[in-house]
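Please find below my note on the structure submitted for review. It is written for a reader who is new to structural description.

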Amino acid sequence: MSTLVIVESPTKARTIRNYLPSSYQVEASMGHVRDLPSKADEIPAAYKDKPWKNLAVDVDNKFEPIYVIPKTKKKVVQELKQALKEADELILATDEDREGESISWHLLEILKPKVPVKRMVFHEITREAIQQALKDCREVNRDLVYAQETRRILDRLYGYTLSPLLWKKIKRGLSAGRVQSVAVRLLVNRERERRAFQSGDYWDLKATLEHNKDLFEAKLITLGGEKLATGADFDPDTGKIAQGKKVILLNEAEANSLRERLIDKTWTVSKREEKPAKRRPAPPFTTSTLQQESNRKLGISARETMSIAQKLYEQGYITYMRTDSVHLSDEAIAAARSCVEQKYGKEYLSPKPRQYSTKSKSAQEAHEAIRPAGQSFRTPKETGLADKQFKLYDLIWKRTVACQMAEARLTQITLNIDVEDAVFRSSGKRIDFPGFFRAYVEGSDDPEAALDSQEVLLPALVVGDHPECKELEALGHETQPPARYTEASLVKTLESEGVGRPSTYASIIGTIIDRGYVQMRSKALVPTFIAFAVTSLLEEHFPDLVDLSFTSKMERTLDEIAIGKAQSIPYLKKFYKGETGLETQVKVRENEIDLDTAKTINLENLEAKVRIGRFGPYIEVENGEEAEPVRASIPVDLTPADLSPEQIANIIRQKIEGPDKLGLHPETGEPIYIKTGPYGFYVQLGDKTEENKKPKQVSLPKGVKQEEATLEMALGLLSLPRLLGVHPETGGKIKAAIGRFGPYVVHEFKDEEEKKQKKDYRSLKKEDDILTIEYDRAMELLAQPKRSRGASTKKPLRELGEHPEDKEPVNIYKGPYGNYIKHNKVNVGLPEGETVESITLEAAIALLADKAATKKTKTKAKTTRKTTTRKKSTAKKSATAKKSKK
């Protein structure tokens, strides 16, 4: 008897084949095989006259979705149908979550099998797990299918109803999303808090003391019996000490005066306190906590973390990576405890197996936490993994093993040292038994926070001892605004508020970055002007849709649908139809929303208006009662966080008075200006005139601020490209220059075989300076291997693999109009419904093939048109010549 097993990806298929009998044929569906139409031309002809055609959801008939098979999946479906004809049994082995259940259901609907069907689920791809899953097959869970379908419909109704409104009122190409818009609002609100924040100044003293040649530090905590002010005592709205706080606030002069008074006095230990403390290991990873720790410890984005984890799962290294459970099976606990005993010894084992309970109400305890796969855990070195896969597996292995280790035992030590009427405090920490610290210590979102495993040892002082003051410093401090969200802290907040599902956070963060709502600066997520405009419109006119509690309640209802406690149709009807439904709200509000108001952004502490225009954000200020307002574009890399009254004044001044002049060119006498353009600051040589329509312009190097630009720097930039020397083999010129993508060196030479001029480029490294780089360094860079043919100089969002025909890379990149797939010189946009994480290599190859074929057809048609035009032209000339002869 032959059995057809269908999974989602080729990698998963290859791994599972190793654990199944030879009579089992394993094929991949390449993800979802059906979805709602993503483009107008995908809508079936029978529905093109329906008022709800763009939604592809029949909102008048029980919200019936219209599913289609995308072009990229038609070949896959045909191959699966052919394989099914030769099978006596069908096993659907897609992932065990709602998405996986939905894929299995769609396969049933399309394939319409006439043979017995089983649904097989497993949370790890090992021989034991697959063999057990074969014994425990079940039917497709319709409740999970309805829950996923309801989410998909809800997201379509939300996005396809609100997004067109944003296009009309703010700017084309914008999008709204059920979780996406809430996430953007969180970022915008944090930026508003930062703009409204008023900083306060305070001073204190820090002493460096010595006892028996051991140095330690102590800070002033009280003076004359009253507590000294710290940052926590300030009101963020005023920058002053908050009402009701009884503290002493020192200024610089008072702090220095106090320092002079105390430095030569006798210091006496008045109190020593030791308190025992324990630290328990963190639970094993869920999807959310893995994304957070990977971002904190490894600096890997949520999106890339999930992509790497997917590969580790499909190759059989870890358990299923989309889970909100911290539960571990008995086998996993035994494997972890075995690792502890072998690597660290019995004394590092917890007294009894430790099991964690999941706090999330929607978590499914039948699932397991993310852990190394198998009944025994391979150590990271035993896996043979490399680079980021190794690092992520190492993180998962350590976290899992640590959860079965003994608690860490610490002693917290506090010393109070008196000097006259001042009391200084020194805090220390001694690790008495490291326990799980030997394997793993959880990271922190605060880069200044000390890790639990870091000891701070103090001298063996007792009450009455007199340490010697070696140094006493007066230190000034300024209160800081609330920290911006990072990917890790945003994921943590979304999960704690119950907004969205952890498995979707990676794609949501990727979407808001890709669509220009957010810029990444180091690890911080900084909202853009577009984010402010969209959030303001939604807050004013659709407050529920960006409210945390409302969105969380929606999530709980969707979870209830998944377990059969709620019905999807009544819920969708309440959300979309009726007087309070989204459809009616949008129709009513569309006429109420003022276009100018929607495009205007109100920022704290700014008198100028910031508006969203067709070509991006710009500043508008009044220019007298009768004169037209002055408008000036805001550079693309500038965000609301950067915009200050001084900066606005500078941009407007340049617009009115013209650019700042750095000086005159010493040879030509022409003025050199520094100007602001849509892509940042640049220097310009001379004025634009009829005779000089394109004066030379060069961008400032990345990281150089306008105020840092000097005449000397400008002259250097305007002298580019710089001739560095001649190549010893080709005789070609070696030059240094700066272009759209930054500074580079180039080797210009003639290819003797092809008989044409060529250029070989290399980008400069961070440590190189375009104005000072020399010939030897340029030759060193040019000697380095160039990226493979067809590869982009940009870092890909995801590397899909090698093209089977030429072994060249197929990657996904971020472009100005969205994400796209690239192979050699063929680019194709990522289809709607597919994400960076979901699309497979096979689907990408099919898309590239279609695009390549289209390009060939267009080229052929263009050539035909040119030939026809030439023939007509020749015929016309011939006719004219004959007429002339006559």
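The points that follow move from the whole chain to one sheet within it.

1. The structure is a predicted model, and the remarks below should be read with that in mind. The chain has 886 residues, of which 49% count as buried. Its secondary structure comes to 23 helices and 31 strands.

2. As to overall extent, the C-alpha atoms fill a box of roughly 120 × 85 × 70 Å along the principal axes. The accessible surface is about 46700 Å², and carbon and sulfur atoms account for 49% of that surface.

3. On contacts, consider the pairs of residues that are at least 6 apart in sequence: 65% of their contacts join residues at least 24 apart.

4. On charge, there are 147 positive and 132 negative side chains in the chain. The centres of these two sets lie 9 Å apart.

5. One sheet deserves a closer description. It is open, contains four strands in the order β20-β21-β22-β23, and has antiparallel pairing. Strands β20 and β23 (697-699) form the edges, each pairing on one side only. From one strand to the next, the twist averages 25°.

6. Within this sheet, β20 (residues 660-664) and β21 (residues 671-677) run antiparallel and are joined by four bridges. Lys661 stands opposite Tyr673 in β21. The hairpin of these strands has six residues between them, and Gly669 takes a positive phi near 80° there.

7. At the other edge, three bridges join β22 (residues 680-685) to β23, again in antiparallel fashion. Val683 has Val698 of β23 as its bridge partner.

Conventions
Residues numbered from 1 in each chain as written. Heavy atoms only, no water. Pairing = 2+ DSSP bridges. Helix = DSSP H or I, 4+ residues; strand = E, 2+ residues; numbered from the N terminus. Buried < 20%, exposed > 50% of the residue type's maximum accessible area, 1.4 Å probe, protein only. Contact = heavy atoms within 4.5 Å. Areas by Shrake-Rupley, 256 points an atom, 1.4 Å probe, with all protein chains shown as cover. Lys, Arg positive; Asp, Glu negative; His and termini not counted. Charge placed at Lys NZ, Arg CZ, Asp CG, Glu CD. Axes fitted to C-alpha atoms, helices over the stretch in contact; angles between N-to-C directions.
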